[in-house]
Amino acid sequence: MTDYYIPILVASENSSSLIRTFGPPLITGTITMLMAGFALKVSLSQRTIAKNKYNLDMFDKRWGVFEDFYKEYKFYNEINILSDFPIGEKINDIKKILLKAERFFEDITLLDFHILQENIVELNYVFTTTSQKLTERAEIELHHKEFLPIYKENYRTAIQNSDFRSQESIKERIDQMQLYLDSDEMTELYHERRIALKTVNDHMQTIYDRMDKVLKVPHKPY
């Protein structure tokens, strides 16, 4: 019986010795690993919260710039080619907006402003010069429409009187007046306006689309 229990007692003593030797370090290591895992989880959670806050802050800033730009975008899209174009402080307004946009939108640069500035200056020039031409034309048309019946009456009188010299000069003048009234100059002037306005609106649309795309996609922190 004694021989039977000796191995068990020996094994029991060895187990106790192993536990005393390796138990505390194992427990300490396990606790350390658990604490490290918890710390990592907290750290990741904090990073996620910080990232979400950053994205929210960036969205708010981008949205403010986008709203300011949209007002200008809408203004240029609503310009009527039949009206005068009041440039006013519009170029300065656009510059301020795009300087802000450059900070918050990766695809917006000062090059966009310079291109848009050139387009707006050209638009203002076209509207100003065509406005002057349209005013002059309106005055001349009014004159022609008022005096054309008189010239036609004088022409009939010259024919009746066989006044060939007067007849020829009057007919030449009538043809000139009629040709002016029938010309497509007004159509061409409005076409110039339409092209200049489309150039501005196309670039405004490009910038609008870039901003809109950025607002719809979450971005990594800078």
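Reader: What is the handedness of the crossing of H3 and H5?
Author: In this predicted model, the crossing of H3 and H5 is left-handed. By class, their contact has 15 nonpolar, 5 polar and 8 charged residues.

Reader: Why are H3 and H5 called roughly antiparallel?
Author: Helix H3 (residues 110-160) and helix H5 (residues 185-216) pack at about 160 degrees. Angles over 145 degrees count as roughly antiparallel. H3 and H5 therefore earn that name. Their axes are 9 Å apart.

Reader: What makes Arg 62 and Glu 106 a salt bridge?
Author: Their closest N and O atoms are 3.7 Å apart. The cut-off is within 4 Å, so the pair qualifies. The bridge links distant parts of the chain: Arg 62 lies in helix H1, and Glu 106 in the loop between H2 and H3. They are 44 residues apart.

Reader: Why is Arg 62 called buried?
Author: Its relative accessible area is 5%. Buried means under 20%, so Arg 62 is buried.

Reader: What is Glu 106, then, buried or partly exposed?
Author: Glu 106 has a relative accessible area of 37%. Partly exposed lies between 20% and 50%, so Glu 106 is partly exposed.

Reader: Why are Asp 175 and Lys 171 separated by about one helical turn?
Author: Because they are 4 residues apart in helix H4. They form a salt bridge, with closest N and O atoms 2.9 Å apart. Asp 175 is partly exposed at 40%, and Lys 171 is partly exposed at 32%.

Notes. Residues numbered from 1 in each chain as written. Predicted model: local features only at pLDDT ≥ 70, side-chain atom pairs only at ≥ 80, totals over all residues. Heavy atoms only, no water. Axes fitted to C-alpha atoms, helices over the stretch in contact; angles between N-to-C directions. Helix = DSSP H or I, 4+ residues; strand = E, 2+ residues; numbered from the N terminus. Parallel < 35°, antiparallel > 145°, perpendicular 65-115°, else oblique. Left-handed = near helix turned anticlockwise from the far one by under 90°. Nonpolar A, V, L, I, M, F, W, Y, C, P; charged D, E, K, R; others polar. Salt bridge = Lys/Arg side-chain N within 4 Å of Asp/Glu carboxyl O. Buried < 20%, exposed > 50% of the residue type's maximum accessible area, 1.4 Å probe, protein only.
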